[in-house]
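Biologist: I am new to this protein and would like to be walked through its fold, one question at a time. Could we begin with the general make-up and then turn to single residues?

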Amino acid sequence: YDYFADDLLLAAVGQALRGEGESVAARLVRGIGQRTESEAVILLQRARQWRLLHFVREFQAHNGCIRALAANDQWLVSGSDDETIGVWDRRTGSLLRKLQGHTRPVNAVALLGGNRILSASNDGTLKLWDIDKGELLRTFTGHENWVLALGMQPGRAVSGSIDGALLEWYIFTDYPARALGTLPGWVTAICPMGEHGRILCAGGDGVLRRSEEHTSELQSRQYL
C-alpha cells in the first residue's frame with residue numbers, strides 16, 4: 001500500500017481518532033476517500049506500528065527554544081534559550097517556579113534528591129537550585145566554554161563542554177572540580193553506566209567513549 005502518502009494516512013488516522021458513533025475502520029474508510037474496510041484496517045495497523053503520540057497538555061512559559069528536560073513523579077523541569085529554568089507541577093501542569101541566574105542559554109538540567117536541581121549553561125557554569133525555596137544554592141565554575149551535557153551519579157556530576165573538556169564535581173562537598181580528560185570535539189551527551197563510576201560520552205566527532213571501571217578517566221576504547 002505504498003500508494004497512500006504518509007500525510008494522507010496521518011490525516012485519515014487523525015479523523016478516525018476524533019470521530020464518534022462508528023467503528024474505527026469505518027471512520028478510516030471515510031477519511032481515506034471511501035476505500036474498502038480491509039484497506040482501512042491495514043492502514044490502521046501500519047499507523048499503530050508508528051506509535052503515534054497524542055499530546056494532551058501544553059506547558060507554556062519560555063520565550064525561547066527549550067533545550068533541556070528532566071522529570072520525576074512530582075516535578076517537570078525545563079531549561080531554555082531565555083536563560084531560565086521552569087519548574088512545573090507534573091500533576092496539575094501549573095508553573096511553580098521560574099529560576100533565574102544563568103546569563104546564557106540553559107543546555108542541561110537534572111533533578112536530584114532533596115528537591116534540588118542541577119543546571120548547565122552556555123555561561124560556562126553549573127548551578128544548584130532549591131525547588132521549594134526557588135533559590136540558587138551554589139554556582140560551580142571551572143569550564144572555560146559552553147557546558148552542553150550533564151551526567152549524574154549519586155553525590156557527583158560529570159559535565160562536558162563545547163571545547164571537549166570533561167569535569168567531575170562532588171556537588172554536595174567543597175571539593176574542587178576534577179578534570180577527567182578532553183575529547184577531540186564537543187561533548188554532546190554523558191550517560192552513567194552502572195555502579196562502578198563508569199560513564200559513556202558522546203562527542204561531536206561521531207564517537208562514543210567509555211570510561212574505565214572504578215574510575216571516570218576515559219579509556220582508549222571507542223564505540224564508533
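Modeller: The protein has three helices and 16 strands, where helices (H or I, at least four residues) and strands (E, at least two) are DSSP runs numbered from the N terminus. This is a predicted model, in which local features need pLDDT of at least 70 and side-chain atom pairs count only at pLDDT 80 or more, while totals for chains, interfaces and linings use all residues. Residues are numbered from 1 along each chain as its sequence is written, and side-chain values use heavy atoms, with hydrogens and water left out.

Biologist: What share of the residues of the protein count as buried?

Modeller: A residue is called buried under 20% relative accessible area, exposed over 50% and partly exposed in between, with a 1.4 Å probe and protein chains only. Of the 224 residues of the protein, the share that counts as buried is 43%.

Biologist: How much area does the protein expose, and what part of it do carbon and sulfur atoms supply?

Modeller: Accessible areas come from the Shrake-Rupley method with a 1.4 Å probe, and for residues only the protein chains shown count as cover. The protein exposes about 12500 Å², and the part supplied by carbon and sulfur atoms is 49%.

Biologist: Which strands make up the open sheet that has S5 and S8 at its edges?

Modeller: Strands pair here if DSSP finds at least two bridges between them, and S5 and S6, which run antiparallel, are joined by six bridges, with Val 106 opposite Ser 121 in S6. S5 and strand S8 (135-141) each have a single partner strand, so one side of each is left without a neighbour in the sheet. With antiparallel pairing, the order of this open sheet of four strands is S5-S6-S7-S8.

Biologist: What is the order of the open sheet that contains S9 and S10?

Modeller: S9 is joined to strand S10 (residues 156-161) in the antiparallel sense by six bridges, and Gln 153 has Arg 156 as its bridge partner in S10. This, too, is an open sheet of four strands with antiparallel pairing, and its order is S9-S10-S11-S12. Strand S9 (147-153) and strand S12 (178-182) are its edges, each with a single partner strand, so one side of each has no neighbour in the sheet.

Biologist: Which strand gives the most residues to the largest nonpolar core?

Modeller: A nonpolar core is a set of buried Ala, Val, Leu, Ile, Met, Phe, Trp, Tyr and Cys residues joined through side-chain atoms within 4.5 Å. The largest one has 14 residues, of which Leu 118, Leu 126, Phe 140 and Ile 171 touch the most other members. Two or more residues come from each of strand S5 (106-112), strand S6 (116-121), strand S7 (125-130), S9 and strand S11 (165-169). The strand that gives the most, with three residues, is S5.

Biologist: Is Leu 150 in strand S9 buried or exposed?

Modeller: Contact means heavy atoms within 4.5 Å, and, leaving aside neighbours within four places in sequence, Leu 150 is in contact with residues including Ala 108, Leu 118, Leu 126, Val 158 and Ile 190. The C-alpha atoms of Leu 150 and Ala 120, which are 30 residues apart along the chain, are separated by 7.2 Å. Because its relative accessibility is 14%, Leu 150 counts as buried.

Biologist: With which residue does the side chain of Arg 209 make a polar contact?

Modeller: Arg 209 is placed in strand S15 (residues 208-211) and counts as buried because its relative accessibility is 8%. A polar contact is a pair of N or O atoms within 3.5 Å; within protein, one must be able to donate a hydrogen and the other to accept it, and residues adjacent in sequence count only if both atoms are side-chain atoms. At 2.9 Å, the partner is the side chain of Asp 205.

Biologist: Which residue in the hairpin of S14 and S15 takes a positive phi?

Modeller: S14 and S15 pair in the antiparallel sense over three bridges, and Leu 200 has Arg 210 as its bridge partner in S15. The hairpin has four residues between the strands, and the residue with a positive phi, near 85 degrees, is Gly 206.

Biologist: How far is the C-alpha atom of Gly 197 from that of Gln 153?

Modeller: Gly 197 lies in the loop between strand S13 (187-193) and strand S14 (198-203), and counts as buried because its relative accessibility is 15%. Although Gly 197 and Gln 153 are 44 residues apart along the chain, their C-alpha atoms are separated by 7.6 Å.
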